[in-house]
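Work through the exercises below with the sequence and coordinates open. Each one sets a task and then solves it in steps.

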Amino acid sequence: MAKNRGTAMSLESFVSTMAPLIDMEKEAEISMSLTTGASRNIETAQKKGTTILNLKCVDVQTGLMGKSLLEFQSNKGDVLPPHKFGNHDVVVLKLNKADLGSSPLAQGVVYRLRDSSITVVFDEVPEEGLNTSLRLEKLANEVTYRRMKDTLVQMSKGVLRGPASDLVPVLFGERGPTVAKKEVEFTPFNKSLDQSQRDAISKALSSKDVFLLHGPPGTGKTTTVVEIILQEVKRGSKILACAASNIAVDNIVERLVPHKVKLVRVGHPARLLPQVLDSALDAQVLKGDNSALANDIRKEMKALNGKLLKAKDRNTRRGIQKDLRALGKEERKRQQLAVSDVIKNADVILTTLTGALTRKLDNITFDLVIIDEGAQALEVACWIALLKGSRCILAGDHLQLPPTIQSAEAEKKGLGITLFERLADLYGDEIKSMLTVQYRMHERIMNWSSEELYDGKITAHSSVASHMVYDLENVEKSSATEATLLLVDSAGCDMEEKKDEEESTYNEGEAEVAMAHAKRLIKSGVRSCDIGIITPYAAQVMVLRILRGKEEKLKEMEISTVDGFQGREKEAIIISMVRSNSKKEVGFLKDQRRMNVAVTRARRQCCVVCDTETVSSDAFLKRMIEYFEEHGEYLSASDYTNW
Ligand SMILES: Nc1ncnc2c1ncn2[C@@H]1O[C@H](COP(=O)(O)OP(=O)(O)OP(=O)(O)O)[C@@H](O)[C@H]1O
C-alpha cells in the first residue's frame, strides 16, 4: 500500500498545475535568447551568454551521414567568452555584424564544446560568409516545450484508454503498486554484478507497474539498467529505453550493441555519437527491402522527370504527371513501411524523452518503458515516454542535482520536482532498490557522502577502496599526491569574493590556489587530463580558464561548473567554493545535492579550496569541513601563495 498518500497528486491537478509552469519556463528561456527575446542588443546577448561574437571558422569536415561539422574559434584565438551554449543546443550562424533579426547563414546543432572552440553540425555548408567574422546565436528550444504541452493535453484527454491506463493510477497514488508474489530469479549476462545490483534487478523484474533503481554516485546504475534490458528482452518484452540527454541514451546503446540485441536508436543523426550511428534508425531503414523498393521508384521518377522535360504535347505531359503522382505516393508509402518495419522488428527502441514523441512511434506500444537519468528529467518530459507503455522503471539519484530550471517562479511552484523524487516519497522502499557498492572513489572520499546522504549504506569496492593518486602510472609519491582529502583554507588570507556584471560570484585568490595545487599534482607526474577543477559559479569557471591561459601542460585539464560535471569523474578533483564574505553568506552552496555531486566526482583525491569561516555558517557545510579536517590534510591558502 502507498505509504504516504498525502504527497500524491491527481492526474487532473498535475495537468492544471504543470501547463502554466511549462509556459513560464518557455518564456524564461525565450527571454534569454536574442532573436525573439527581451534583450535587443547584441552585446547584452553576449553578456547573457546566448550569443558568441567575433568567431572565425577554423575547420570544415564532412561526417555523420553527409552532414558538415564546422569548428569555430574566437578571432583572437583565446578561450571563448562565458556562454550558455550546451551540447545539442540549436544555434544559428550569422555574420558578426548582421542586424538583429537578420536571416541566418545556416541553422545547426552544437556538436562539441571546448574551452577555446565550438563545433556545430549543419545539414549543408553555408554558401558564403565563412571567411569573415561570424557569430553564433542560441535559439530557445521551443519544440521541447510544445511536445511537453502536447503530452499534457493527451494526458487530460485519453490516457485511461491508452497503453498506460493501468500505470497512471499507480503513478498518481490512486492505487498501490503490485509486485510478483515470488521474486523473479535470473541468470545474469554480466557475471560480475554485485549483490546489490542482482537484488535490484530481481526486484525490477518482479515489478508489475513501477520500479525505482536508486543509483548513488559510481554504483553502476547504467550497468544495472543494461542487464535489466537484456533480461527483459530474453523474456520477450518490447522496450522503450529513454534518458533526458542524448549522451546517456548513446551510452546505453553502446553497451547493448555487443550483446547483439535487436535495437534501434531513434533521433537526429547530428545528435548521435559517431559510434552508435550503425544503430540509428536512418541507417537501418536504408538496409530494408522497402527502402530498396523506394529507391527503385525514385530512379523511375527521375527517368520520368527527364521525359517530362522533353515532352512536347500536352496529353503526354499530363500522362507523365499522373504517373509521377502515383509513383510519389508509392514511394512515400514504401518509405513509411521501411521505417515501421525497423521499429516493429526491434526489441529495444532507444531515444531521448522528447524524441519519444516522434510520429514514427505513433501507435507503437511497449511492455516496458525504462528511463535513465530519471532524477534529472522534468516529470512532464517523462510522461512523453510513459504514455506508450504499461510498466516503467526509472533509474536515477534524487540526491544529486535535479534538472536545471530557468524560471525561478516555475521552480518555486514545483516544476523541478521530479517523478523519481515524487515516487520515492510516495512509495519508498516498496518500489525502490538502492545500489550500495561503488566503483569510483577511495573510501574516505565516499564515506562523507555515504554518511551524509545515503544512511551510511555505501561501501567501496576493493578495487578502488584504497587507491591513491601515486598508484597511477608514472606518478611519484609526494606531499601533493599523498593526500586523499585535502582542505585548503583561505580564511584570513585576503581572498574576498567579487561579483561580475551578471551577478555571478568569483574569487581570484581561490582560483590561483586551485591552479597552484593542479600544478603541484602535474609536477609529481599526474596527467593534466586526470585533473578537474570544478566550482559552483560560472564566473569562477571563466576566471580559472583565463588563469590557465595557454599553458601547454595544463591544456587537457577540465574546468567546469559542478552542475556541468554531473555524471563525470576524474582521478583528482579540486573544488573551488568561491564564497568568502563578512556576512557569511553561502548562497546555493547550501544545496546538499550540489556538494554531493562535487565531492563524488573524485576517484583518488578531493581537494577543497574554501574560506572555512564563511562556509561554516551553514551546518551541512560545517560538517563537511570538519570531516575533511578530521580525515584529511589541512593547509592554509597562504602556504600556496608563499610557495
Ligand atoms: N559489478 C561491477 N563490477 C565491477 N565494476 C563495475 C560493476 N558495476 C559497475 N562497475 C564499473 O563502475 C563504473 C561505473 O558504472 P556505470 O557507468 O554503470 O555507473 P553509473 O552509476 O551509471 O555512473 P554514475 O555514477 O556516473 O551515474 C564503470 O566503470 C563500471 O564498469
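## Exercise 1: The ligand shell

The shell around the ligand is made up of three nonpolar, eight polar and four charged residues. The model is a predicted one.

**Task.** Identify which residues come nearest to the ligand, and list polar contacts to the ligand with their distances.

**Solution.**

Step 1. The ligand has 15 residues around it, and those that come nearest are Gly218, Lys221, Thr222, Thr223 and Arg255. The element that gives the most to this shell is α6, with three residues.

Step 2. Look for short N and O pairs. An oxygen atom of the ligand lies 2.6 Å from a backbone N or O atom of Gly218. For Thr223, a side-chain N or O atom is 2.6 Å from an oxygen atom of the ligand. On the side of nitrogen, a ligand nitrogen atom sits 2.9 Å from a side-chain N or O atom of Gln197.

Step 3. Taken on its own, the ligand has 640 Å² of accessible area, of which the protein covers 70%.

## Exercise 2: Confidence

**Task.** Decide where the coordinates should not be read in detail.

**Solution.**

Step 1. Start with the overall values. The protein has a mean pLDDT of 89, with 95% of its residues at 70 or more. For the complex, the predictor gives an ipTM of 0.96 and a pTM of 0.84.

Step 2. Find the weak stretches. Over residues 1-6, pLDDT stays under 50, and the model has 16 contacts for them beyond four places in sequence. Residues 34-39 also have pLDDT under 50 throughout, with 20 such contacts in the model.

Step 3. Apply the rule: predicted coordinates should not be read in detail where pLDDT is low.

## Exercise 3: Two helices and their cover

**Task.** For α7 and α17, list the buried residues and name elements that cover them.

**Solution.**

Step 1. Helix α7 spans residues 246-256, and its buried residues are Asn246, Ala248, Val249, Asp250, Ile252, Val253 and Leu256.

Step 2. Recall the helix geometry. An α-helix has 3.6 residues a turn, so residues three or four places apart point the same way. Val249, Ile252, Val253 and Leu256 are among the buried residues of α7 to check against this spacing.

Step 3. The cover over the buried residues of α7 includes α6 (221-234) and the strands β8 (239-243), β9 (263-265), β10 (348-352) and β11 (368-372).

Step 4. Helix α17, residues 592-599, is mostly covered, with six of its eight residues buried. These are Arg594, Met595, Asn596, Val597, Ala598 and Val599. Their cover includes the helices α14 (443-453) and α19 (619-631), together with β19 (531-535), β21 (570-576) and β22 (602-610).

Step 5. Inspect the start of α17: there, a side-chain oxygen of Asp591 comes within 2.9 Å of the backbone nitrogen of Arg593.

## Exercise 4: A polar side chain in a loop

**Task.** Is Asn507 buried or exposed, and which backbone oxygens lie by its side chain?

**Solution.**

Step 1. Asn507 is in the loop that joins β18 (505-506) and α15 (508-523).

Step 2. Its relative accessible area is 0%, so Asn507 is buried, the limit being under 20%.

Step 3. A polar atom of the Asn507 side chain lies 2.9 Å from the backbone oxygen of Met495. The backbone oxygen of Val578 lies 3.0 Å from a polar atom of that side chain.

Step 4. Beyond four places in sequence, the contacts of Asn507 are Met495, Glu496, Glu497, Gln540, Val578 and Ser580.

## Exercise 5: Positive phi

**Task.** Asn363 and Glu373 have positive phi. Place each one and classify its exposure.

**Solution.**

Step 1. Phi is near 65° in Asn363 and near 55° in Glu373. Neither residue is a glycine.

Step 2. Asn363 belongs to the loop between β10 and β11, whereas Glu373 is in the loop between β11 and α11 (379-386).

Step 3. Asn363 counts as exposed because its relative accessibility is 80%. Glu373, at 16%, counts as buried.

## Exercise 6: A buried arginine

**Task.** Which residues does Arg545 touch beyond four places in sequence?

**Solution.**

Step 1. Arg545 is part of helix α16, residues 538-548, and is buried at 17% relative accessible area.

Step 2. Arg545 touches Val79, Asp115 and Ile559.

Terms used: Residues numbered from 1 in each chain as written. Heavy atoms only, no water. Buried < 20%, exposed > 50% of the residue type's maximum accessible area, 1.4 Å probe, protein only. Helix = DSSP H or I, 4+ residues; strand = E, 2+ residues; numbered from the N terminus. Contact = heavy atoms within 4.5 Å. Near = heavy atom within 4 Å. Polar contact = N/O pair within 3.5 Å; in protein donor to acceptor, adjacent residues only side chain to side chain. Areas by Shrake-Rupley, 256 points an atom, 1.4 Å probe, with all protein chains shown as cover. Nonpolar A, V, L, I, M, F, W, Y, C, P; charged D, E, K, R; others polar. pLDDT = per-residue confidence, 0-100.
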